[in-house]
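Colleague: I'm new to reading models like this one. Can I quiz you on the words people use for it?

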Amino acid sequence: MKSSWKIFWSVVIGVPIIIFAAWALWDNTRLFAITFLNGMTLASLYFIVAAGFTLVFGLMRNVNLAHGSLYLLGGYLGFFVAQYSGSFVLALAAGFGVAALAGLAMQLGIFRFMQGQDLRQTMVTIALSIVIADLLMWAIGAQVHQLEPPAWLNGPIRDIPVIRAYSSYRLSLLPIGIVIGIALWLFLNRTRVGMMIRAGVDDRGMLAASGVNVNLVFAVTFAIGAGLAGLGGVIGAVELSMVPGEDTRLLLASLIVVIVGGMGSVVGAALGAIILGLAETYGLAYAPTYSVVFTFVILTLVLAFRPRGILGRPA
């Protein structure tokens, strides 16, 4: 019975996608190829930010709706560090570091007193998100800030078949996302700390009884998740720019990625990011009026037929 439903939905979803891809390739091959690259590079940025959200929300079950504000905080700090130092690498380190410290403070000051209290976590982090966003607007202003890419990634790569030229910085987002994804998967599945994190989520009391400092393990995990948001803010400051409101956009994208891909799954987050990135870019390229609808259609279908997400497992 289950296999029949899988075949049914594969046909219902797969056939229209194949038909659209064939038509788009025939109509304008270059537009289709550029849109595909735009979707994959946007997916890479979404994954970098959502990977941190996967750790905090999907794995630790902490509802941190201030995650988007950490993206904005890291992006702004990275922008000013790059402006004054001229080093993009230093900007990345600063964005990751300040967001990680903010996340660590949130875990030690808020979340460790609200373990399992989803509603309280939601309300407190919504308030915290508003406060952080307003403080950043008060300190920096509402004008758009856009970071220059490093000199060795500035300018287009030319003579690419079909698409002819493409931004070298934007193309670099693909390997960055892959490296971060592999590193995070190895950290969670092949290291002692990663195993302790997963064990603490499954049975916090048993892990504490074995002599492990659970609060320290969770604080480190939260700091890494928050740091990834800040890192994504610096990376996104080049292509998307930094402006009030980007925090809400990236928070919503992270939520969709985690829900579609599956709670607590790094591979699921990557899959969810690819689906969201491609849906957004192809929607904007071929049906701009209705582009936002495609995202919510995907979310509705997943919630209706795979409530745990595509690669989600029972809690």
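**Inside and out**

Colleague: What makes up the lining of the largest cavity, by class?

Modeller: Keep in mind that this is a predicted model. By class, the lining has four nonpolar, one polar and two charged residues. The lining residues are Thr41, Leu42, Leu45, Arg170, Leu173, Glu239 and Leu240. Leu counts as nonpolar, and Arg and Glu count as charged, so Arg170 and Glu239 are the charged pair in that list. Thr is not named in either group, so Thr41 goes down as polar.

Colleague: Why is this space called a cavity and not a pocket?

Modeller: A 1.4 Å probe fits in a cavity but cannot get out, whereas a pocket is open. The search of the whole structure finds one cavity of 30 Å³ or more, and the volume of the largest is about 30 Å³.

Colleague: Which helices supply at least two residues each to the lining?

Modeller: Those are α2 (29-59) and α6 (168-190). The largest share, three residues, comes from α2.

Colleague: How do you know whether the radius of gyration agrees with a compact globule?

Modeller: You set one value against the other. For 315 residues, a compact globule would come out near 20 Å, and the protein has 20 Å, so the two agree. The C-alpha trace spans about 60 × 60 × 35 Å along its principal axes.

Colleague: And what makes a residue count as buried?

Modeller: Its relative accessible area has to be under 20%. Here, 45% of the 315 residues pass that test.

Colleague: How many helices and strands are there?

Modeller: The protein has 12 helices and two strands.

Key: Residues are numbered from 1 along each chain as its sequence is written. This is a predicted model: local features need pLDDT of at least 70, side-chain atom pairs count only at pLDDT 80 or more; totals for chains, interfaces and linings use all residues. Side-chain values use heavy atoms; hydrogens and water are left out. On a 1 Å grid over the protein atoms alone, a cavity is a set of points where a 1.4 Å probe fits but cannot get out, and a pocket is an open set with protein on both sides within 12 Å along at least five of seven lines; lining residues have an atom within 4 Å of a point. Grid points are joined across faces, edges and corners, and a volume is the space filled by probe spheres set on the points. Helices (H or I, at least four residues) and strands (E, at least two) are DSSP runs, numbered from the N terminus. The radius of gyration is taken over C-alpha atoms; the globule rule is 2.2 Å times the number of residues to the power 0.38. Buried means under 20% relative accessible area, exposed over 50%, partly exposed in between (1.4 Å probe, protein chains only).
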